[in-house]
Amino acid sequence: MADRRPKVWVSQPLFDDVVEQLGQHFDLTMTGDVTRYTPQTLAEQLAHVDGALITLNERIGAAEIANAPQLRAIANVGVGYNNLDIDALSAAGILASNTPDVLTETTADLGFALLMAAARRITESERWLRDGQWGQWSFQTMLGADIHGSTLGILGMGRIGQGIARRGAHGFGMRVLYHNRSQLPEVTEAEVGAQYVDQDTLLAQADHLVLVLPYNAASHHIIDADALAKMKPTATLINIARGGIVDELALADALANGRLAAAGLDVFEGEPTVRPELLALRNIVLTPHIGSASQATRRAMVQLAVDNLTAALGQGPDAGHPPSAINADAVAAVKTGGATVGGKKIGDAKR
Ligand code: 8YV
């Protein structure tokens, strides 16, 4: 590489004191204001940098990197990376990374908070109180569903799913069922207190169903009208993964027509826009994608992303080996030539 300091761009204001560590090794451009990028403005920002630190709001695919010949690394501040076209990045030899582990427990906490708020009608109760309706109180005001002793269903049993299972089984004495692409080892099932079932059994038996699976073509609208029809009408549905996993119109319809008791959503298909059909419902708790939003965890995510980017650009103690790279093997294969990425032959990697 030419004898110059690599250039790094940071897409959003994060934690300045953490991000500024990048200045030790790189020419750093930080963004002062929260910014919504178009594909065009994103492409312009990426055109002349070696690395970028981005959030899930920045969607990066082939078009955004087409004129970015220097770009070698993208560090996503988030564990989910459906905002990145990994095949396109790999084909271009760009090392992508994410921030797993550091947010597991905080996100599991939020999943449980939403479950409890929805099942026990907490935000609905508060709105009612603030509206001055307490004078209408009756013995049957705001009756909800119990959490302790009920059946917790978890769809997607990665690290966050396991955190939710532990909370349910060990904290609330719940029977915990889960469904996942692959069954956990017996020892892990015993530790988290969860039992593997098929998806239909999960839908049919859960009193509270939490969605924690990655979003991709296979999980798009996995919770649709058919799936909702298989659930108990008394059940609660919680989504802390990605909005596209749920058919939101089908969910709104089920909630409006008594086919599902309550829901809690932290993620939405059209973020930051929330469908009016959801906003109109009383039996839904809505939060603006705050799953990982504790002080400590958001700082830890940025620190991990900074470490990833530093290492991916060949600097710092982990030089060349980012702690949580997503596509290291694919990028290595592309660099040694003739690799296939996503089933396509890659013969002309540009770096
Ligand atoms: C976001 C998340 O990263 O990590 C994820 O996948 O969804 C969140 O933690 C966070 O909202 C910042 O973009």
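Helices (H or I, at least four residues) and strands (E, at least two) are DSSP runs, numbered from the N terminus. The model used in these exercises is predicted.

**Exercise 1. Locate H221, give its phi and classify its exposure.**

Step 1. Place the residue. H221 sits in the loop between strand 9 (208-211) and helix 10.

Step 2. Read the backbone. The phi of H221 is near 50°, which is positive although the residue is not glycine.

Step 3. Apply the cut-offs. Buried means under 20% relative accessible area, and exposed means over 50%. H221 has 22% relative accessibility, so H221 counts as partly exposed.

**Exercise 2. Find the loop that holds R121 and the sign of its phi.**

Step 1. The loop runs between helix 5 (104-119) and helix 6 (122-130), and R121 is in it.

Step 2. Phi of R121 is near 55°. The sign is positive, in a residue other than glycine.

**Exercise 3. Describe the peptide bond from E271 to P272 and place P272.**

Step 1. Omega is near 5° for the bond from E271 to P272. That bond is cis.

Step 2. P272 belongs to the loop between strand 11 and helix 12.

**Exercise 4. Work out what surrounds the ligand and which side chains make polar contacts with its oxygen atoms.**

Step 1. List the shell. L56, V77, G78, V79, G80, L103, R242, H289, S292, R298 and M301 surround the ligand.

Step 2. Sort the shell by class. Five residues are nonpolar, four are polar and two are charged.

Step 3. Go through the distances to ligand oxygen atoms. For H289, a polar side-chain atom is 2.6 Å from an oxygen atom of the ligand. For R242, a polar side-chain atom lies at 2.8 Å from a ligand oxygen atom. For R298, an N or O atom of the side chain is 3.1 Å from an oxygen atom of the ligand.

Step 4. Add the cover. On its own the ligand has 330 Å² of accessible area, and the protein covers 86% of it.

**Exercise 5. Decide whether T31 is buried or exposed, and trace its contacts.**

Step 1. Place the residue. T31 is part of the loop between strand 2 (27-29) and helix 2 (39-46).

Step 2. Classify it. T31 counts as buried because its relative accessibility is 17%.

Step 3. Follow the side chain. A polar atom of the T31 side chain lies 2.4 Å from the backbone oxygen of V10. The T31 side chain also reaches the backbone oxygen of S11, at 3.4 Å.

Step 4. Widen the view. Leaving out residues up to four places away in sequence, T31 touches W9, V10, S11, Q12, P13 and Y37.

**Exercise 6. Characterise helix 11: its buried residues, what covers them, and the features at its two ends.**

Step 1. Begin at the start of the helix. A side-chain oxygen of D247 comes to within 3.2 Å of the backbone nitrogen of L249.

Step 2. Pick out the buried residues. Helix 11 spans residues 248-256, and E248, A250, L251, A252, A254 and L255 are buried in it.

Step 3. Recall the helix geometry. An α-helix has 3.6 residues a turn, so residues three or four places apart point the same way.

Step 4. Identify the cover. The elements over these buried residues include helix 10 (225-230), strand 10 (236-239), strand 11 (262-265), helix 12 (276-279) and strand 12 (284-286).

Step 5. Finish just after the helix. There, G258 takes a positive phi of about 70°.

**Exercise 7. Set I164 beside D307: give the helix, the exposure class and one C-alpha distance for each.**

Step 1. Assign helices. I164 is in helix 7 (residues 159-172). D307 is in helix 13 (residues 295-312).

Step 2. Classify. I164 counts as buried because its relative accessibility is 0%. D307 counts as partly exposed because its relative accessibility is 30%.

Step 3. Take the distances. I164 and T104 are 60 residues apart along the chain, with C-alpha atoms separated by 9.4 Å. D307 and S324 are 17 residues apart in sequence, and their C-alpha atoms are 9.2 Å apart.

Step 4. Complete the I164 surroundings. Not counting residues up to four places away in sequence, I164 touches A108, F112, L152, I154, V210, V212 and I240.

**Exercise 8. Give the helix and strand content and the end distance of the two spans listed by UniProt.**

Step 1. Take the spans from the record. An unreviewed UniProt entry lists "domain: D-isomer specific 2-hydroxyacid dehydrogenase catalytic" at residues 12-317. The unreviewed entry puts "domain: D-isomer specific 2-hydroxyacid dehydrogenase NAD-binding" at residues 112-291.

Step 2. Describe residues 12-317. This span is 37% helix and 14% strand, and its end C-alpha atoms are 26 Å apart.

Step 3. Describe residues 112-291. This span is 36% helix and 16% strand, with its end C-alpha atoms 10 Å apart.

Methods:
Residues are numbered from 1 along each chain as its sequence is written. This is a predicted model: local features need pLDDT of at least 70, side-chain atom pairs count only at pLDDT 80 or more; totals for chains, interfaces and linings use all residues. Side-chain values use heavy atoms; hydrogens and water are left out. A residue is near a molecule or strand if one of its heavy atoms lies within 4 Å of it. A polar contact is a pair of N or O atoms within 3.5 Å; within protein, one must be able to donate a hydrogen and the other to accept it, and residues adjacent in sequence count only if both atoms are side-chain atoms. Accessible areas come from the Shrake-Rupley method with a 1.4 Å probe; for residues, only the protein chains shown count as cover. Ala, Val, Leu, Ile, Met, Phe, Trp, Tyr, Cys and Pro count as nonpolar, Asp, Glu, Lys and Arg as charged, and the others, Gly among them, as polar. Buried means under 20% relative accessible area, exposed over 50%, partly exposed in between (1.4 Å probe, protein chains only). Contact means heavy atoms within 4.5 Å. UniProt positions are given in the numbering used here, feature names are shortened, and annotations may be inferred rather than shown by experiment.
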